[in-house]
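Q: Here's a structure I'd like to go through with you. Please take one strand, look at it closely, and then work outwards from there.

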Amino acid sequence: MPFFGSNFSRLYYDGTTHHNVDGNHSVTSQEMSYMGSAFPGAWASFRTPKISSSSSQTATSHILDIYSSGHWGAQPVVVIDVHQTYYRPTWWRLMILLDYNYTKMFRIGSPIVTGSNNAYIELQNSGSGSTTVAVTNNSSSWSSSNNGVVAWTPGNTYTEQIGSGTHSGQSVFRQRINFILGGVYYQGFTIVHLMAMGGSNRAHFANTSLGTAQAYYQTQGAGFHLPSVSKPTYYPNTISAGVIL
Amino acid sequence: MTKWYIYENKTTEAFENISASLYDDAYLDDHNLKVTEKESEEDVITWEKSGSDWIPVTQAMIYDRMNKGELPE
């Protein structure tokens, strides 16, 4: 069964063997595979590595940087599926829009465990202060006052300006996003869906350092950096969410 | 055999995470991480530090700890 309605069968090579995502393989093998594009032409989806906490310490992983500027089309949209696979399997989803220097979020789903008992997302100001906020599925910061849409707008508290007038006269901002397992013995991963859009449809991957990505977006304005996801080798140069850099 | 990669801060030795895949060098450098590589049988759930070494925590160990009331239900 193709994943999320995709018509493609994909192969992922991990050294000595390969796995067909659409084939019949063990859970372990499938978890080692990258799922790739979910909605060709509209979204490109990437699975971040599955992580575990230890028996005594919680776990964190830097999964995404979003860059935005003030020019038209330079306000990226991403959907993050939060999967916890052990020891309380559950799932929830949030959408994040970086609107220039302003972070806006929308929540979907109500998992069976709540708060830090469920894997969650952390917003981090990537500046020298490194201020963070825990985005748990049941945080009291979520509001349903907007016609039933569950939204949370942390604003510009956790965004960092990385360029002043550097993108054809517009300033550029970054929102750093971490994936957190808030308890011990936990396992989980995320699937990050990047929306194909006007001036933002480009992505950097794990082979690019944070500094190189920052230098690129200071002048190019908007896009995504998935620092823990290996650069796909099975796509042509242009993917559904844009250009692989 | 399953491969595991345990990440800790190079300077503080603070625990980061345990992953089934090895992060790229750029990620390790940017986040100042060192990695400990391990291999295990498939019934291993996670790892715990004992002295300077990491030892596997199996599903059977977790059943035993739960039955002794050492873990939440």
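What follows is a close look at that strand and its surroundings. Take strand β2 (residues 15-19) of chain B: how many of the 5 residues of β2(B) are buried, and which strand of chain A pairs with β2(B)?

A: First, some housekeeping. Residues count from 1 along each chain as its sequence is written, while chains are lettered from A and ligands numbered from 1 in the order written. This is a predicted model, so local features need pLDDT of at least 70 and side-chain atom pairs count only at pLDDT 80 or more, though totals for chains, interfaces and linings use all residues.

Now the strand. Strands here are DSSP runs of E with at least two residues, helices are H or I runs of at least four, and both are numbered from the N terminus. In β2(B), 4 of the 5 residues are buried, so the rest of the structure largely encloses this strand. Buried means 20 or more other C-beta atoms within 10 Å of a residue's own, exposed means 12 or fewer, and partly exposed is in between, with C-beta atoms placed from the backbone.

Within chain B, β2(B) runs antiparallel to strand β1 (residues 2-9), joined by 4 bridges. Two strands count as paired when DSSP finds at least two bridges between them. One place to see this is B:Y7, which stands opposite B:N17. The hairpin of β1(B) and β2(B) has 5 residues between the strands, and B:E13 there takes a positive phi near 65°.

β2(B) also reaches across to chain A: it pairs with β4(A) in the antiparallel sense, over 2 bridges. A:I51 has B:S19 as its bridge partner, and A:S52 has B:I18.

That pairing belongs to a wider contact between the chains, with 26 residues from chain A and 22 residues from chain B. Contact means C-beta atoms, placed from the backbone, within 7 Å. On the chain A side, α1 (27-31), β4 (51-52) and β5 (59-69) each give two or more residues, and β5(A) has the largest share with 4 residues. That side divides into 9 nonpolar, 15 polar and 2 charged residues. For this split, Ala, Val, Leu, Ile, Met, Phe, Trp, Tyr, Cys and Pro are nonpolar, Asp, Glu, Lys and Arg are charged, and the others, Gly among them, are polar.

Elsewhere in chain B, things open up. Helix α2 (residues 59-67) has 0 of its 9 residues buried, so α2(B) lies largely in the open. After α2(B) comes B:G69, with a positive phi near 80°. In strand β3 (residues 33-40) sits B:K38, which counts as partly exposed because it has 17 C-beta neighbours inside 10 Å. Leaving out residues up to four places away in sequence, B:K38 touches B:W4, B:I6, B:W47 and B:W54.

For background on the partner, chain A has 2 helices and 19 strands, and 42% of its 245 residues are buried.

Technical notes: Two residues are in contact if their C-beta atoms, placed from the backbone, lie within 7 Å.
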